[in-house]
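The following exercises concern strand pairing in a predicted model. Please work through each task before reading its solution.

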Amino acid sequence: MKRSVFFALVALTALALGLALLLSQPDVDPGLDESQALVPGLREQVNDIERLEIRNGSEDAIRLRRSDERWRVENAQDYEADFERVYQLLRDLAAGSRAEQRTANPEWHDRLGVAGARPGETEAERSFEVSFPGTDLPALIIGRAGPSGQARFVRLTGEDQVWLTDRDLSVPAESIDWLQRAIMDIPSSELSEVTLRQADGGVVQLRAADETSNQWVLMNVPDGREAAPAWQLTSTASALSSLQLDDVRRHESAPEDAGAALFVTRDGLNFVATLFEDGAGSWVNFSVSAEVGASEEGEQMSDEAASASADAAAVDARLSPWDFKVPSAKYELMTRSLEDFLVDPDENESD
């Protein structure tokens, strides 16, 4: 696989390996009594779990479901979940144990955070209830940290007995925390060209100085002006580097006054970013295509062109259905005007 395609896909693929592969050997003590398992029966069913619900006192549960060997967040219109976070929770629940028996007095449940998730709880009071819809597994209520801070008080629903776990269970409280936040990671060194188009018709063109260095050239410098220092050019070319979302929603349409940015990779992939703002923030929608030139080397070139087209289609299928809310600093890099890249000659001399 070409390097820039790899960079684009690393964050998007989310380790699309079946849970059966990754959870085939959870860290379970072979001598562990099943009656002491954190969630009795989960160890045998963990690779078949297809849904998780997490309640934390808010109105709606965080609902996760597995589809095509990926986990998705139903609360976020089925956007892809952070695989590692889901995997770690399932691994801990499958491998963990109720290590120390504590109180069975319901009057103590509130104090230990295992009374159940209820609306209005403060962050300090917050407990979590993890359930497995579609199975006969009991739900687990995860309460406050134990005395050592390395374990949690827990209780199985339907039982009064409280236990201390053998591990500290990590359960994020908000739906956004369960999303795969990384969109892509394409450094400026993997690009050959960047073009920014503003809604008013203004255009900025940046090109890599050569095929090996990470130096950039501003192409359309007006007479009597000079390009800003090189670091400003490189920062805009780095807009797709370590790009993460702050929110996500299904793409419907972009406003007529949306801006656009074109990022061309050295191996011929075109990332077109449509950029617009609304009351909810700054949004980007991506479409991806491949530059396929005429064949000059017969079948070998055709194979490379087919591979590039397949790579582009795979990335586009992940990106184009979504609008991504991105940090304002990244959005500003992709919406800069030509004037932002220009200085007067005497300004460069003072630098």
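Two strands count as paired if DSSP finds at least two bridges between them.

**Exercise 1.** Determine how many bridges join strand 7 to strand 8, and identify the bridge partner of Leu140 in strand 8.

*Solution.* Begin by locating the strands: strand 7 covers residues 140-145, and strand 8 covers residues 152-156. The two run antiparallel and are joined by four bridges. Because pairing requires at least two bridges, strands 7 and 8 qualify as a pair. Finally, Leu140 has Leu156 as its bridge partner in strand 8.

**Exercise 2.** Give the strand order of the open sheet of nine strands, and explain why one side of strand 4 and of strand 5 is left without a neighbour in the sheet.

*Solution.* The order is 4-3-2-1-6-7-8-9-5, and the pairing is antiparallel. Strand 4 (79-80) and strand 5 (98-101) stand at the edges, where each has a single partner strand; one side of each therefore lacks a neighbour in the sheet.

**Exercise 3.** Describe how strand 18 is joined to strand 17 and to strand 19.

*Solution.* Consider strand 17 (residues 259-265) beforehand: six bridges join it to strand 18 (residues 269-278), and the two run antiparallel. Within this pairing, Val264 is bridged to Asn270 of strand 18. Strands 17 and 18 form a hairpin with three residues between them, and Gly268 in the turn has a positive phi of about 90°.

Turn next to strand 19 (residues 281-290), which runs antiparallel to strand 18 and is joined to it by 10 bridges. Here Phe276 has Trp283 as its bridge partner in strand 19. Strands 18 and 19 also form a hairpin, with two residues between them.

Notes:
Residues numbered from 1 in each chain as written. Predicted model: local features only at pLDDT ≥ 70, side-chain atom pairs only at ≥ 80, totals over all residues. Heavy atoms only, no water.
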